[in-house]
Amino acid sequence: MALTVGLRPLTRALLRPWARVPGAALGRPAAGSGDGVRCFGSPRVLVEPDPAAVGVAVMKMRNPPVNSLSLEFLTELLISLEKLENDKTFRGIIITSDCPGIFSAGLDLLEMYGRDPAHCAEYWKAVQELWLRVYLSNLVVIGAINGISPAGGCLLSLSCDYRVLANNPKYAIGLNETLLGIIAPFWFKDVLVNTIGHRAAERALQLGFLFPPSDALQVGIVDQVVPEDQVQSTARSVMAQWLAIPDHARQLTKNLVRKPTADRLLQQRDADIQNFVRFISRDSIQKSLHVYLEKLKQKKG
Ligand SMILES: CCCCCCCC/C=C/C/C=C/C(=O)SCCNC(=O)CCNC(=O)[C@H](O)C(C)(C)COP(=O)(O)OP(=O)(O)OC[C@H]1O[C@@H](n2cnc3c(N)ncnc32)[C@H](O)[C@@H]1OP(=O)(O)O
């Protein structure tokens, strides 16, 4: 799936391969490099082969201050994921954050506030693409959730195969869209229902719940809660458990379970984009986003 087609020239320029030793395919030392496998990435996404786990890459999100999912950041994430999917030396990805205390603040509100319909459509297509790329990935994808994870950040976490959350009460996770005066799209809802069940999802979505770690574990939105300094090691050991399963059988099973949910979007992607553009362009929604952005600014005092 050629994802770079249609990218804005600036974005394409941003994504020239970084730190690549000529001839070094991801996961294999370059001829003569001597010092092992190199990382690759882009300004906002660092991908490092895990030195302690062959075939595993750690994808670090580093879009400070809050890993908000801007169009550029989404594009870099998509291209990094595509590279890893295409590099057969990799079987698993651990997705984590390099922004202290924040996994991802969700969709970038400034991509949806005060923007023209064409931009909103382009942005939403990238949001759809990231979800589909992660949710349907053939790789084992484990979320090492080392920060707060609202809305779009929660969707990214839910799209992983397994979620490890740091036991810090500040690191809440949930689809809090109603608190902003907007709503989660049906495919966000579907993933939450699939994860925590219909009644729990219905309540959480309507009330915009952000679950602290203990509640997140109890409701099932995450699979494990561990001390903050054990998130990465726990993700690595869970990865080893998942990679003990033959890839082909696991991938077919993942597809069996997830494809019906993904198909609901795939069968109506354009309509979903149009619905989003119509919804987000409403004066009332733009006003809600303005109020929420102002609250964020006032919070800083
Ligand atoms: C028919 C229907 C069709 C479908 C309809 C679809 C509707 C739209 C789709 C919705 C799905 C998903 C939506 C989202 O993901 S919306 C984003 C939700 N995110 C949040 O609510 C989190 C907001 N942020 C925070 O709560 C905090 O920033 C924090 C807890 C993440 C971090 O706090 P702190 O460390 O104190 O940092 P600051 O608050 O000071 O923030 C720093 C800086 O970053 C800006 N910022 C924060 N979050 C975002 C964001 N999501 N987008 C853009 N910018 C963000 C913040 O404003 C500060 O900026 P500065 O003042 O310029 O420094």
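The lining of the largest cavity has 9 nonpolar residues, 2 polar ones and no charged residues. I should state at once that we are looking at a predicted model. That cavity encloses about 80 Å³ of space, and it belongs to a set of 3 cavities of 30 Å³ or more that the structure holds.

Which residues line the largest cavity? They are L69, L74, L107, V127, L130, W131, V134, G152, L155, L156 and S159. Two helices, helix 3 (117-135) and helix 4 (152-158), each supply at least two residues of this lining. The largest share comes from helix 3, with 4 residues.

Allow me to turn from the cavity to the largest pocket. Its volume is about 1,200 Å³. A total of 45 residues line this pocket, and the closest to its centre are A105, L107, L109, Y292 and L296. L107 was also named among the residues that line the largest cavity.

As for secondary structure, the elements giving two or more residues to the pocket lining are strand 5 (101-102), strand 7, helix 5 (186-196), helix 10 and helix 11. Which element provides the largest share of that lining? Helix 10 does, with 6 residues. By class, the pocket lining comprises 30 nonpolar, 7 polar and 8 charged residues.

The next topic is the ligand. Where does the ligand sit? The ligand is in the largest pocket. Strand 7 (147-150), helix 10 (269-281) and helix 11 (283-299) are the elements that give two or more residues to the shell around the ligand. Within this shell, helix 11 gives the most, with 3 residues.

There are 27 residues around the ligand, of which A105, L107, L109, Y292 and K299 come nearest. Sorted by class, the shell has 19 nonpolar, 4 polar and 4 charged residues.

Let me now describe three polar contacts of the ligand in detail. At L109, a polar backbone atom is 2.9 Å from a nitrogen atom of the ligand. At Y292, an N or O atom in the side chain is 2.6 Å from an oxygen atom of the ligand. At K299, an N or O atom in the side chain is 2.8 Å from an oxygen atom of the ligand. On its own, the ligand has 1,200 Å² of accessible area, and the protein covers 78% of this.

To close, I return to two residues. L109 and Y292 are among the residues closest to the centre of the largest pocket, and both are also among those that come nearest to the ligand.

Key: Residues numbered from 1 in each chain as written. Predicted model: local features only at pLDDT ≥ 70, side-chain atom pairs only at ≥ 80, totals over all residues. Heavy atoms only, no water. Near = heavy atom within 4 Å. Polar contact = N/O pair within 3.5 Å; in protein donor to acceptor, adjacent residues only side chain to side chain. Areas by Shrake-Rupley, 256 points an atom, 1.4 Å probe, with all protein chains shown as cover. 1 Å grid on protein atoms, 1.4 Å probe; cavity = no way out; pocket = protein on both sides within 12 Å on 5 of 7 lines; lining within 4 Å. Sits in = over half its atoms within 2 Å of the grid points. Nonpolar A, V, L, I, M, F, W, Y, C, P; charged D, E, K, R; others polar. Points joined across faces, edges and corners; volume = space filled by probe spheres on them.
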